[in-house]
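Trainee: I should like to understand how the descriptive terms for this structure are justified. May we take them one at a time, setting each value against its definition?

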Amino acid sequence: LQASHWNSILESELWELRQEEADIFPALQLSYMHLPFYLKRCFAFCSVYPKDYKFQKARIAEVWVAEGFVESQGGVPIQDI
């Protein structure tokens, strides 16, 4: 990405918002805003897990496939997709 893109993120007003206990961290909000749609579904799904949950890469990938968020692509390992 270009420097102008990262500068716009750095200068975002989201960094100025007051952080409440139940709110989304500004960094997560900014990350979410810049994800493509198909990844937003995967990201949002993670919110059903408790805070500080330790994700296992292979397991979460299997759940995303089961939920229809990610489709297998031939011989490509699902974690890579």
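**Terms and their grounds**

Mentor: Let us begin with Phe55, which is partly exposed, with a relative accessible area of 38%. Please keep in mind that this is a predicted model, in which local features need pLDDT of at least 70, side-chain atom pairs count only at pLDDT 80 or more, and totals for chains, interfaces and linings use all residues. Residues are numbered from 1 along each chain as its sequence is written, and side-chain values use heavy atoms, with hydrogens and water left out.

Trainee: Why is Phe55 called partly exposed?

Mentor: Buried means under 20% relative accessible area, exposed means over 50%, and partly exposed lies in between (1.4 Å probe, protein chains only). The 38% of Phe55 lies in between, so the residue is partly exposed. Tyr53, at 39%, is partly exposed as well.

Trainee: What makes Tyr53 and Phe55 an edge-to-face pair?

Mentor: Rings of Phe, Tyr and Trp (its six-membered ring) pair if their centres lie within 6.5 Å; planes under 30 degrees apart count as stacked, over 60 as edge-to-face and the rest as tilted. For Tyr53 and Phe55 the centres are 5.0 Å apart and the planes stand at 75°, so both conditions are met.

Trainee: How many aromatic pairs are there in the whole structure?

Mentor: The search finds five. Another of them joins Phe45 and Tyr49, edge-to-face because the centres are 6.1 Å apart and the planes are at 75°. Ring pairs link Phe45, Tyr49, Tyr53, Phe55 and Phe69 into a cluster.

Trainee: Is Phe45 buried or exposed?

Mentor: Phe45 is buried, because its relative accessibility is 17%. Tyr49 has 23% and is therefore partly exposed.

Trainee: Which residues make up the largest nonpolar core?

Mentor: Its five residues are Cys42, Phe45, Val63, Phe69 and Val70. A nonpolar core is a set of buried Ala, Val, Leu, Ile, Met, Phe, Trp, Tyr and Cys residues joined through side-chain atoms within 4.5 Å. Cys42 is buried, with a relative accessible area of 3%. Not counting residues up to four places away in sequence, Cys42 touches Trp64, Phe69 and Val70 (contact means heavy atoms within 4.5 Å).

Trainee: How do you know that Cys42 is not bonded to Cys46?

Mentor: A disulfide is a pair of cysteine sulfur atoms within 2.5 Å. The sulfur of Cys42 is 7.6 Å from that of Cys46, the closest cysteine sulfur, so the gap is too far for a bond. The structure holds zero disulfides.

Trainee: Why are the buried residues of H4 said to line one face of the helix?

Mentor: Helices (H or I, at least four residues) and strands (E, at least two) are DSSP runs, numbered from the N terminus. In helix H4 (residues 57–66), Ile60, Ala61 and Val63 are buried. Seen down the axis of H4, these residues fall within an arc of 160° (taken from the directions from the helix axis to the C-beta atoms), so they line one face. They pack against H3, the helix of residues 37–45 that holds Cys42.

Trainee: What is the confidence in H4?

Mentor: The mean pLDDT of H4 is 87, the highest among the elements of the chain, and helix H1 (residues 3–10) has the lowest, 71. pLDDT is the predictor's confidence in each residue, from 0 to 100. The chain as a whole has a mean of 77, and 75% of its residues reach 70 or more.
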